[in-house]
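Please work through the following exercises with the structure open beside the text, trying each task before reading its solution.

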Amino acid sequence: MAQVLVVDDEVKLGKLVAEALELDGHEVARVTGGRAALVELARRGFDVVLTDLRMPEVDGLEVLKAARALPTPPEVVMMTAHGSAENAVAAMKAGAADYLTKPFAMDEVRLRVRRLAEQRAAETKSERLVRQLTPTLVAESPRMKQALASARQVAASDASVVLLGESGTGKSQLARLIHYSSKRAAGPLVEVHCAALPETLLEGELFGHEKGAFTGATERKAGHLAAADGGTLFLDEIGEVTPATQVKLLRFLQEREFVPLGSTQARKVDVRVIAATNRDLVAAVREGRFREDFYYRLNVFGIEVPPLRERKEDLVPLAHAFLSRRGLPPAKLSKEAEARLLAHTWPGNVRELENALERALILSGDGDIQAEHLGAGGPSLSRGGGRAVRAADVLGEGFNLDAFERELLYAALERAGGNKTAAAKLLGITRRRLYSRLQSLGEKVTDPEGD
């Protein structure tokens, strides 16, 4: 049960309260004054504090103030024989969870403490669950701290959220943080990767379908929106959704209802929507690739997740967290290896960091991870901070230069959000050469600038 501190200069009453709470299995410490309470609060942690308001030297408000200033503050219940409205308001404004007016029944004390203990246990369980489900959300840098603070702030509401950031920055982790920190935490979290499905399949997966709605629909399917009822639907890579599907999602956001494929009956569900993208949605709206009305309905609250190169303070803590999850101490990562990590620009962000560390663990064996384990062969971290991939590493049986080049060009375009100038810069070539290479591979492209 709970760890409880009882503070009252009336020794007899304090003893009766402590004994009543011990009947419920709480572990109770009892002191007879505010000064002793401050000592006890500094010495150990408590879940609930019951304190008298009026005491000599150090009163209950001072005890409340000290308790609320702790890193993990306990819930405080104020006890007073002077039950004026002013006293109650002052205590509640200062952060008290509840108050009791003397004389009170012991059953009432037990009930109040039991409720607070259950509430605290539920919050602790939720926080532990969030930590387990979002292991890579490390925030030592100001920008990442701001992103996490914004996520926790919006979690209390039902507002739609858009998470903006490059691939591999942890947007899906942030979506889980929002869900499990919200009042929907007990409901389902349904994650859909929009780019992984063609338009025809995505629509059926999202909205469901009736039997015979299309070729191959041999049975009725509820769909992801129905599955997320009472919880959260996370739409990853929302920038890849076609205008036709955008219209249907817009209707859902406006009306909170949708029509499954092959049906004429609208279905209402209670679903909060969180979306994520590595695209510039404002540019997509300007270019007509993303509906403006859908954008504004979706982007009620936007959170930008910074790339790893802009949050260097998080690099080493992320690496230590990665090692900790495998039961390894931070010392496993040598200072030279830390320096190599800090020198790299991490275009693949946290995902790339984890892959590099996984490989380094294999190479280092029982020894510490050294700098060379982060740069020997295969995809490696260069000393200058860039990615150093050797040509010999990609050659092998079945290698096709045209296919490799096409994949490389489109990877750059995807990383650049479709911006060809930025994609050319990533490849270290001119914009004209990018167009030339695409055309040589049989792609139909035109250069609007004619270069």
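Two exercises follow, each with a worked solution, and both concern a predicted model.

**Exercise 1.** Describe how the strands of the open sheet are ordered and paired, and find which strands stand at the edges.

*Solution.* Begin with the order of the five strands, which is β2-β1-β3-β4-β5, with parallel pairing throughout the open sheet. Next, look at the two ends of that order: β2 (27-31) and β5 (98-101) each have a single partner strand, so one side of each is left without a neighbour in the sheet. From one strand to the next, the twist averages 15 degrees. Then turn to one pair, where β3 (residues 48-52) is joined to β4 (residues 75-80) by five bridges, and where Val48 has Glu75 in β4 as its bridge partner. Finally, add a helix that packs on the sheet: α2 (residues 34-43) touches β1 (3-7), β2 and β3, and its direction makes about 160 degrees with that of β1.

**Exercise 2.** Decide how helix α8 is oriented relative to helix α10, and list the residues through which they meet.

*Solution.* Start with the geometry: α8 (residues 199-207) and α10 (residues 243-255) pack at an angle of about 15 degrees, and their axes are 10 Å apart. Because angles under 35 degrees count as roughly parallel, α8 is roughly parallel to α10. The crossing of α8 past α10 is right-handed. For the contact itself, α8 contributes Glu199, Glu203, Leu206 and Phe207, which meet Ala244, Thr245, Lys248 and Leu249 of α10. Sorted by class, this contact has four nonpolar, one polar and three charged residues.

Conventions. Residues are numbered from 1 along each chain as its sequence is written. This is a predicted model: local features need pLDDT of at least 70, side-chain atom pairs count only at pLDDT 80 or more; totals for chains, interfaces and linings use all residues. Side-chain values use heavy atoms; hydrogens and water are left out. Axes are lines fitted to C-alpha atoms, for helices over the stretch in contact, and angles run from 0 to 180 degrees between N-to-C directions. Helices (H or I, at least four residues) and strands (E, at least two) are DSSP runs, numbered from the N terminus. Angles under 35 degrees count as roughly parallel, over 145 as roughly antiparallel, 65 to 115 as roughly perpendicular and the rest as oblique. A crossing is left-handed if the near helix is turned anticlockwise from the far one by less than a right angle, and right-handed if clockwise. Contact means heavy atoms within 4.5 Å. Ala, Val, Leu, Ile, Met, Phe, Trp, Tyr, Cys and Pro count as nonpolar, Asp, Glu, Lys and Arg as charged, and the others, Gly among them, as polar. Two strands pair if DSSP finds at least two bridges between them.
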